Amino acid sequence: MADITVGVVVFPGSNCDHDTEYALASIKGFRPVMLWHNDHDLQGAKAIVLPGGFSYGDYLRAGSIARFSPIMKEVIDFARKGFPVLGICNGFQVLLESGLLEGALSRNRGMKFLCRQTTIRPVNCSTVFTSLYGDDEVLSVPIAHGEGNYFAPPEVLKSLLDHGQIAFQYTDSEGRASDEANPNGSLLNIAGIFNREGNVLGLMPHPERASDLLLGSEDGRRMFESLYRHLAGQ
Amino acid sequence: MPYTAKIKVTLRQSILDVQGKAVEHALTNLGYRTVESARIGKYIEVTINEDDRAEAERIGNEICQKLLSNPVMENYSLELEKVN
């Protein structure tokens with residue numbers, strides 16, 4: 001079987017694009033391609049990743065200007081057709097600004113930029129991004145953000161809960177979503193959410209920085225492996 | 001004659017404004033006992049080259065809703081001033 005192309009969008013100010021490319025390239029059968037934000041061509045990609053970083057310097061609001069980059073029109077159409085789109089950190093912020101995901105991210109409650117390892121629990125393991133996880137697992141994945149405090153109005157939160165759209169929650173090492181385990185003040189300890197259809201995932205933790213034992217954890221790697229399994233029809 | 005749109009974007013009351021809280025604490029620490037709260041927002045000036053006030057106002061509102069504010073967590077106010 002030919003390698004499966006996965007696109008990594010590069011905005012001015014993206015800084016996790018090459019880490020993401022490295023993590024994807026380490027999955028046998030994936031061929032990552034870099035997609036410049038000013039282009040319209042998805043180059044035959046079967047999935048798209050919006051990487052972390054500071055697109056447009058986080059000017060105005062994180063993700064707000066990147067959301068109108070030329071390639072985002074194609075990415076939005078691609079997602080609406082049901083293809084997998086993953087947004088990591090700043091990529092999550094772009095997905096929220098673009099309306100592909102619901103809610104918003106505001107300043108961390110402690111005001112600090114947080115760069116450290118966290119423990120998170122997968123909540124819904126029946127999606128293209130999470131099929132190789134178990135919902136009794138606790139994963140060790142780093143965060144690095146200043147604006148990761150997830151907010152949504154009560155009716156949106158209820159809808160996320162009712163439709164299995166909460167992807168990951170910050171927990172302690174025992175898997176409890178306690179307030180102490182919540183690094184940034186996110187409602188319901190939310191670290192990541194899906195769209196209703198489950199083909200769009202946004203999360204603040206960085207799976208690409210937990211995809212190689214040299215970096216201290218391989219727990220993020222199975223997200224890319226789950227995606228491969230789906231795209232390869234396995 | 002163009003208009004200047006003077007736009008203020010503020011966090012909704014239901015959203016914790018951590019910057020505002022820090023400033024509020026700093027002010028009370030400075031001894032300003034009557035200071036009760038501080039909230040921080042953004043101020044944006046946009047020049048709109050439109051003669052028609054109603055059209056300038058329509059554009060002003062549209063750009064606030066589309067880009068300058070995020071309605072999930074922010075409110076905005078818009079004031080138009082004729083540029084002479």
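This is a guided tour of a predicted model, stop by stop, with a selection to make at each one.

**Stop 1: chain A as a whole**

Start by showing chain A alone as a cartoon. You should be able to pick out 5 helices and 11 strands. Along the principal axes, the C-alpha atoms of this chain fill a box of roughly 45 × 40 × 35 Å. For 234 residues, a compact globule would have a radius of gyration near 17 Å, and the 16 Å of chain A agrees with that. Of those 234 residues, 55% count as buried. Contacts also reach far along the sequence: among those in chain A between residues at least 6 apart, 76% join residues at least 24 apart.

**Stop 2: the sheet of chain A**

Now colour the strands of chain A. In what order do the 9 strands of the open sheet run? Reading across, the order is β2-β1-β3-β4-β11-β10-β9-β6-β7, with mixed pairing. Look at the two ends: β2 and β7 (139–145) of chain A are the edge strands, and each has a single partner, so one side of each is left without a neighbour in the sheet. On average, neighbouring strands here are turned by 25° against each other, direction ignored.

Zoom in on β3(A) and β4(A). These two run parallel and are joined by 3 bridges. To see a bridge pair, select A:L50, whose partner in β4(A) is A:G87. It helps to recall that strands of a sheet pair through backbone hydrogen bonds, either parallel or antiparallel.

**Stop 3: helix α1 of chain A**

Add residues 17–25 of chain A, which form helix α1. This helix lies across β1, β2, β3 and β4 of chain A, and runs at about 160° to β2(A). Show the side chains of A:D17, A:D19, A:T20, A:E21, A:A23 and A:L24, which are buried residues of the helix. What covers them? The cover includes β1 (4–10), β2 (30–36), β3, β4 (85–88) and α5 (221–231) of chain A.

**Stop 4: the nonpolar core**

Next, select A:V9 and A:I48. These two have the most contacts inside the largest nonpolar core, which has 69 residues. Apart from that core lies another, of 7 residues, with B:Y3, B:A5, B:L68 and B:Y76 among them. Back at A:V9, set aside its neighbours within four places in sequence and show what else is in contact with it: A:L35, A:H37, A:I48, A:L50, A:I71 and A:V75.

**Stop 5: three loop residues of chain A**

Two residues here are worth a look at their backbone angles. Go first to A:L60, in the loop between β3 (47–50) and α2 (70–80) of chain A. A:L60 has a positive phi of about 70° although it is not a glycine. This residue is partly exposed, with 17 other C-beta atoms within 10 Å.

Then move to A:N189, in the loop between β9 (166–170) and β10 (190–194) of chain A. A:N189 is not a glycine, yet its phi is positive, at about 60°. Is A:N189 buried or partly exposed? It counts as buried, because it has 23 C-beta neighbours inside 10 Å and the cut-off for buried is 20 or more.

Return to the loop between β3 and α2 of chain A and select A:F68. With 15 C-beta neighbours inside 10 Å, A:F68 counts as partly exposed. Draw a distance from its C-alpha atom to that of A:E97: the two residues are 29 apart along the chain, and the separation is 9.3 Å.

**Stop 6: chain B**

Bring chain B into view and colour its strands. An open sheet of 3 strands appears, in the order β2-β1-β3, with antiparallel pairing. Its edges are β2 (41–48) and β3 (74–82) of chain B; each has a single partner strand, so one side of each lacks a neighbour in the sheet. Neighbouring strands are turned by 20° against each other on average, direction ignored.

Strand β1 (residues 3–11) of chain B pairs with β3(B) in the antiparallel sense over 9 bridges. For one bridge pair, select B:V9 and its partner in β3(B), B:Y76. Helix α2 (residues 53–68) of chain B packs on this sheet and touches β1, β2 and β3 of chain B. The direction of this helix makes about 150° with that of β3(B).

**Stop 7: where the chains meet**

Finish by showing both chains together. How many residues does each chain bring to the contact? Chain A gives 9 residues and chain B gives 9 residues. On the side of chain A that touches chain B, the residues divide into 3 nonpolar, 3 polar and 3 charged.

Note on methods. Residues numbered from 1 in each chain as written. Chains lettered and ligands numbered in written order. Predicted model: local features only at pLDDT ≥ 70, side-chain atom pairs only at ≥ 80, totals over all residues. Contact = placed C-beta atoms within 7 Å. Nonpolar A, V, L, I, M, F, W, Y, C, P; charged D, E, K, R; others polar. Core = buried A, V, L, I, M, F, W, Y, C linked by C-beta atoms within 7 Å. Buried ≥ 20, exposed ≤ 12 C-beta atoms within 10 Å, placed from the backbone. Pairing = 2+ DSSP bridges. Helix = DSSP H or I, 4+ residues; strand = E, 2+ residues; numbered from the N terminus. Axes fitted to C-alpha atoms, helices over the stretch in contact; angles between N-to-C directions. Rg over C-alpha atoms; globule rule 2.2 N^0.38 Å.
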